[in-house]
Structures are given as structure tokens and as C-alpha cells.
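Welcome! Open your viewer, and let's walk through this structure one selection at a time.

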Amino acid sequence: MRGTIPISVEQGQRRGFTRWDIVAALLVLGLLVFIGEASRHLLQPLTELQAAPVSLDPMRLPEYAARTTLRMLVALLLSLVFTFTYATLAAKSRRAEKLLVPLLDILQSVPILGFISVTVVFFMSLAPGRVLGAEFAAVFAIFTSQAWNMAFSFYQSLRTVPVELLEASRVFKLSRWMQFWRVEAPFAMPQLIWNMMVSMSGSWFFVVASEAISVGNTTVTLPGIGSYIALAITQENLHAVVWAIAAMMIVILLYDQILFRPLVAWADRFRFEQQAGVMPPRSWVLDVLRRSGAVATLMAPLGRLWRRTMRWSLFEPGPRIAVVKRLNSRWVDGLWLACLAALAAYVMWRVGDFVAGNVSWQEFGRALLLGAVTLARVTILIVIATVIWLPLGVMIGMRPRLAQFIQPAAQFLAAFPANVLFPIAVSAIVVLKLDPNIWLSPLMILGTQWYILFNVVAGAMSIPSEMRDVGTNLQIRGWLWWRKIAIPAVFPYYVTGAITASGGSWNASIVAEVASWGSTKLQAYGLGAYIAQATEAGDFQRIVLGVAVMSLYVVILNRILWRPLYWYAERKFRLE
Amino acid sequence: MTEALLEIRACCQAFPKADGEDLLVLDDINLTMKQGEIIGLLGRSGSGKSTLLRLIAGLALPVKGSLVYQGRTISGPAPGISMVFQSSALFPWLTVLENVELGLEALGLPDDEIRKRALAGIDLIGLDGYESAYPRELSGGMRQRVGFARALVVHPNILLMDEPFSALDVLTAETLRTDFLELWKDGRLPIKGVVLVTHNIEEAVLMCDRILVFSRNPGHITEEIKVDLPHPRSRMDATFRDLVERSYVALTAKPAPTRAADRFAAAGIDMVLPRVSANAMAGLMEAVAGAPYDGKADLPVIASTLQMEVDDLFPVAEALQLLRFTDIEGGDIRLTDKGKQFAEAGVDERKKLFQNELLTYVPLAGHIRRVLQERTNHMAPKRRFIDELEDHMTEEAADSTLRAVVAWARFAEAFAYDDRSETFSLDNPT
């Protein structure tokens, strides 16, 4: 029927050894060395750590950086596994959804930092006396700062897979396994990768807290950038802090180039909108890997193996039709709801019992009051950030060249943990005799304000040129232009950014309301400081109380402010 | 060769409404499909033709009756039945070749067999050279070709087509139709029968051996039209034109004018209103009033003059009939006295006429107006009417009906609606 096959998909005859192979080989080797170097100490006994404590010698920084990065990457991997299971279950099972989605919503707003010391005991017991246990605890802490938003995005994506694609996959009898990997996961990929980047940035914040773990009286300090910074702060060593910041920047740059750029470029083909004319993202690493014949030869068998799994009849497609057994299904629904209600009541009773036995109403009132103070702080900060970044963001977004440069810079700044600026902030406050209640606050929004900036920039960039032309044509200028064109156009994007910034600031308050530099310790009046203090004192009741009150504030704020605002923006201003 | 390929017996389909009752969308469908047949399901939107196709595809199960294929009741996507989707439904992250191979992979065929069959399918459908392209790089027509190739390579017995040409421009659609018919006639397609859903009458007459005309409320088959013309068929052929005219008549036959009047008179607010703009109605009335029609026109003729598809024209004609501006009978549309008056009137008088007809003959409009008048502040929330409507129809239909009546009321200045606060009121901004 046909003679030659003029297509490039045939992988039989690849070019010989090319210079790309050399680069690719170096990349792969580098990766292996990195993993080996960073995981060398895992099985050592804990006493080894005490024998060789963290040192401020900058020469040790590469090793510390490697270990910290590996922890973050392992946590990211766990977050992915969690995402693929939890979110999939929530999206696929109507009954599981009822429990899992609100649970995720709460988990998202719980400041996990407060829980680190609680979970540590459990993880240390998994590998008693070994470094591994402490590593587990650290990785888990980082995991909790990464997983929720990834799972949420994946769940949202799964719920919005276009119906016709699902029907096509059913008509062509794809097994569930195949449908997941060929249809649903690809559809969710771009959004998921974006959230992975955000998670990775966000988790830097927790690295400092998670690497220096105290259990009762003993403190385990895992070698890493986080503990390096912590030590530098206690020893008032400014040089070391600068070194740590430099190391951190290099690490962020490296994983951006080696991991995320390639992922973004690779995931570009999973974009569902079939628009043309937008420059696809590029990555030199991906180009190298794609052009290398050796990598292709190595990957081919893996690809074949992967495709083979698509044939697993383990996941039979079956009829998979919602057969309407209404009566029956209503009974089961009722039963399920009753079970959930019973569970909720039981948990509430237990928590109430736990807290009430040791915490007075007065204490509860105090926590509420402190929460209100932190709420005021967050609100004022968001307002200030809005006043600064909204106009700037719009102006930047209107100039695409500038935006191209600013966008990655803002994303980079979002990764910057506030902790490393403590030395400067604390010195300034002490020297100038400032009020910590006011001047510690900016640290809360330091990392999160950038979400407002880059979302607004993205929004301004997406204003159709026709709309801008209309503004020019009608000579709309000044305040009128802002009021009628710019602000409405970027509003949905702004709300998205502000939600992230607000949530992040709450979380950051635990770190930012208490700052120390050597023996100087500054403390602001707020819920974050309350939780931080309770954590330091190992007072579980207060930790639970503080965390619960903070979750309460965040959830209520989301329900009565952000979510309605988001829907309003979606409905009113979204440009079709 | 006369053995039945597919047997549909007394099939009914219904969807639950908000009030818990069922809304019947397909009523008592019977169909026997023979080998070598192309069957067309022709009807307006909402007549259940696509629902039937989805039943055959196994994407849904009927509430009553059965569909028997190869001696077995269809209880899910059946082997040997594949489908071409209206939007082509390609996976944007897979290349043309990977898209075509997907269905074969799901069958668990060996790798070389998959590649062989996929390439053969691509070759057959004229996609050579595009194997490594991604769908976003292709034109609509080429994308739909991939959709055909994907459906054909699994060697189905029955090929289902859900308005596969309707999203394409006229020229591309025609090329694709002709190519498909040529392959079909030459017996080069690995299929034994085709079910084509369409709202395009000429397309149905051009492609099908048998046309089943659907009518709605609830969806059922009103007429079966046999097309005995040999392929390739010419649109200019007298018999062809006759069949097109017959199909038009069949499509417009229901509801008959007298019965329609009864139905509308008896109808309450539970009527699902079509989303038709007042401007489109005015345009059609003007066209029918003007030369050479002078108040009475043949629907196919006026459709082609206005360059409209049946599916676009029918709702307009129906809305006009509802407002008593026109009568529809046997494929003709005729202006009533009010209709003629409207066509000649100026803007303000048109609004007055429209308001009068709207409040008199659209029970929902009259109802909303009365409620607003009775209330002291002359305001009412949208929820109030939505709840009322949802007792009678699905959530979507209620929303769409309310939007339709709002659009008409705005034109007629009968009452106002503020979408921000979701309230109806009597006063328009002055």
C-alpha cells in the first residue's frame, strides 16, 4: 500500500555519537554524583551528627546545598505521589470527594510549621538512632509545604477534562490506567508543573525550620543550608549569612535551569488551548536531551516498558456507566454521610477534650485576640503590597519586553525565605530602636508579595491589543483609564495573586513575628509568635490551639472574602 | 447480507429534572440497521438524535427498551462500534500518528500490527506526511480527517458520526464528504454500516440511504425517507431536490398549525423558550415580507437566500410562530397580519407590537410582568422564577429559558433585569 515511510517518529536509525551526547552524559553523571553525595550519610547513627556538627566554613556549603536540595526533591516526589493518589480519588469517587476536598482545603490553611515538633517523634521512631529518622521528619515537613496546592490543582484539572476527550477515550475502550496516563494526567500537566514550581519556592521557607529539629531536650541538626543559616544567626555571623544566600541563589538557578525549564518546555505540548502564535517555552537542557542519540537509545526500552503497562488488563474498562440505581444509591449516600458526621463529631470531641482539659476559655480568647492582630497585620500588608504592585504590575505588563525580564525575577524572589533577612531586619530594629510590632511585619509579606506582582503582570499582558487600542482611540487617560480598563482587566489575576499572598503571609507569620539575631530576640504581638513560642516550649496544647485558631481565621477569610471575590471576578471581568 | 447489524427496540431515554421527575428525551425508538447502510438521523437541536447516537456508542444506557448489536445487548462501549466526534476530540498532546494508534493500543495489539494499521489508516484518509504533526498545527478539516482515521483503524462494524462536518467551512466539509463517500462506495472502508447524525438536510440526502426524521418534546422518529439515488449524487438532480423538499416538509410538519395553536394556548410557563434574538426575528420577518416573497416563503428557499442552516433558521421561525407573527405549514413560512404590520413599522411601534405579543402569548413573560406589578417595590429576585421553572424543566433549560425571555423583554421594554444583583424590575433606566 505504501513504499517508504517519510516520518520522523521512526526511531530505528539515529545519528551516531554527537556533541549533544557528551553534554547529556555530563548532565546525567552530575546528577548521579549529586544524589550519591547528598545521600551518603543517611544510614549513619545520630551520634555522628553530634560528633561533626554543622560548620560555617563556606567550603562545606556545596555539600549542605546538595543535601537540602535532595530533601526538597524527595519531598516533591512524595508530593507528586500524594497528588496522583489523593486528588485522583477525590475526583473519581463522588463519596470520597465529600470528605477529601474539604479536608484538603483545611490542610491548605493549617500552618504546618507548628506541627513539626509533633510529627518528629513519630518519624524518629521509624529509624531509631539513625539520621534517616530525622531526615524523614525534615522531608515530611517540606512535603507538607508542597503537597496541598499541587493536589488541589490536579483535582481541579481532573474535574475539567473536556467531556469529548473522556467520551473519545471510552469509545476507543481505553483502560482506566491508560485513560489516566494518556488523557487525564497530560491534561493536568501544565497546571501541575506550574504548581510544582510554586511549591518548590514556598518550601524554602520551611527548610530552615525543618533542618533544626528539637525533640524534648535534644536538638538534631541536619546538615543543610537551613541549619547553616540557623547557626549563622545564632553566632551572629553576617559573612556566613551572605554565603548562604549566595548558595541558595545558585541552587535556585540550577534547579530552575536543570529541572523546571525543561519540564515547562516539555509540558508545553499538553496545553489544551490550541492557539498558535505564542512563542513556546524553550530549554537548553531539554534540547540537549532530545538531540542526544545516546539518551534516546537509553530511553527507548523504558518507553516500551511504559507502553506495555498500558495493556494491563488489571484495570478492565468495564461498562463504566452511571447506571441509575437511585434508591439504592441514596441509601448508601445517607449511610456514608452519617459515617462522616459521626467521625467529625468524634474528632471534635477528642480535640475539644484534649484542648479543654488544659486550656482555659481565657486562653482561647487570647488566641482569638492574637489572631485578630495578625489578621490586621496581614490585611494592611496586602493593601500596601496592592497599592505598590498593582500599578507597577500593570505598567510592566504593558511593556512585553520588560515583562519578559521581570516575570522570572519575581518568581525567583518568591523563593526567597524571609529568615535570611532576619540579621538585617533585627539589627536595623535594634539600632534604630523601632517597634517590632510594626517593623517585623514586612518580613511576613517578603516572599509572598511577588505573587501579586507576577499575576498582575500576567493579567496586563493578556489584555487584548484591541481593547488597548479602543482606550487610545477614545482618548481615555489617567484615572479613568485605570478605573475602566486596566483594573477590571487585571482584577481576576490580581485576586488569584492576592489569595496566594494572603495565605502565604499567615503561614509566614509563625516565622516572621519572632526574629532573633544572636542573643537579641525580637517578638511581635500576634498569633504567629504565640505558635512559635508554644513550639519552642513544647507545649502541645497551645500549639494545637494556636494552629486551630489560625486555620479558623484562614478558612473564614477564604469563605467570606476571597472565594466570593474570586467568583465575582471570574464572572464579571474574565475576558473570554 | 440482509442480516441486521443493529437492532433498536422500543428505546426510551430520560434525564432527571430538578424536581426529581424525569424528563423524557427519547420516546419509543425502533430501528433495524442492515449491513451496507448509511442511516441519517435528521432533526433540530434537542430532538434526541445525538442522545440516540450516544446510546448506540454505549456512552449511556436507555431507561427502557434495548439496543442489540451482534446478538448482545449494548451495556457499554461495544467492540466494533467507533465514533467520529463533532469537535474531532483529538488529544492535543499526541501526534497524528499517536492519536490514530491510541485505539489500537487499547485493543492490546502487537506493536508492529499497531504501526502497520495506523499507517494504513493515515494513508487511506489522505494524511500522509502529517504523521508527526500535532493537532494544533492542523486545520479543522485535517483534524477531522485524523478523527476519521482514528475511528476507522480499529476496523469497526458500525461507524457513528456525530455531525462530523458541521464545524467545518462549506468547502472543506464538501471535500471530506465526497472523499468519504468515494471510499465507502469503492468498499475500501473496513466498516459495514454508518449512522450519521446531522441537522443539515442536504448533507443527509447526499450521504444517506435512509433518513430518519426526528421531532422533539419528546424526541421521536416522525418519518422515514428512503434515498435510492446512486452515488455520486448531484445536488442539481430533480429527485435530489424533491427529497430535500420532502425532508423540509417532514421537519416542519410537526407541530401542525392548528395543534400548535392549541399547544401554545394551553401551555403555561413550563414552555422551554428558544434563545433567539429579537433582531434575528425582525430580520426574518423583513425578508419574508420583502420581494419576491411578499409575505409567504418556502423555508428551504429563504434559508439559502439568508445563507442560514436549518438549525439556525428553525428556532427563529418557531419563536415567530410562538409570538403569532408567522405561521409555518408544510415547509412554508407565512406572515400573519401582525407580522406584516411589524415588518412595516418603525422602531417604537415595533417595540409596542412586540411587547403586546410577548405579554399575550408567552406565558412566562406575562407571569413575570404580573408578579412585578403586584409587588409594591416592583422588584423580584431571579431565584423566584428559576425555582418555579425548575419544577418543570432541567436546571439548564430553566436558565436558558429565563435568559431568552429577558432578551425579548429588553427589546420590548416589558420589564428590566439587572444581572449584577440578579433582580427583575419594572423600571428601565431613564
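## A tour of chain B

Start with the contacts in chain B: among those between residues at least 6 apart in sequence, 70% join residues at least 24 apart. Keep in mind as you look around that this is a predicted model.

Now show chain B as a cartoon. You should find 16 helices and 16 strands. With a radius of gyration of 24 Å, close to the 22 Å that the globule rule gives for 430 residues, chain B is as compact as a globular protein of that length. Its C-alpha atoms fill a box of roughly 75 × 50 × 45 Å along the principal axes, and buried residues account for 40% of the 430 residues.

Next, colour chain B by domain: select 4-252 for domain 1, 274-356 for domain 2 and 362-430 for domain 3. How far apart do the C-alpha centres of domain 1 and domain 3 of chain B lie? The distance is 40 Å.

Now zoom in on residues 210-215 of chain B, which form strand β9. Is this strand mostly covered or mostly uncovered? Mostly covered: five of its six residues are buried.

Add strand β3 of chain B, residues 37-42, which pairs with β9(B) in the parallel sense over four bridges. Here B:Leu42 has B:Val213 as its bridge partner.

Then select strand β10 of chain B, residues 220-226; β9(B) and β10(B) pair in the antiparallel sense over six bridges. Look for B:Ile211, which stands opposite B:Ile225 of β10(B).

For the last stop, follow the hairpin of β9(B) and β10(B), where four residues sit between the strands and B:Asn217 takes a positive phi near 60°.

Technical notes:
Residues are numbered from 1 along each chain as its sequence is written. Chains are lettered from A and ligands numbered from 1 in the order in which they are written. This is a predicted model: local features need pLDDT of at least 70, side-chain atom pairs count only at pLDDT 80 or more; totals for chains, interfaces and linings use all residues. Helices (H or I, at least four residues) and strands (E, at least two) are DSSP runs, numbered from the N terminus. The radius of gyration is taken over C-alpha atoms; the globule rule is 2.2 Å times the number of residues to the power 0.38. A residue is buried if 20 or more other C-beta atoms lie within 10 Å of its own, exposed if 12 or fewer, and partly exposed in between; C-beta atoms are placed from the backbone. Two residues are in contact if their C-beta atoms, placed from the backbone, lie within 7 Å. Domain bounds come from an automatic or database domain assignment. Two strands pair if DSSP finds at least two bridges between them.
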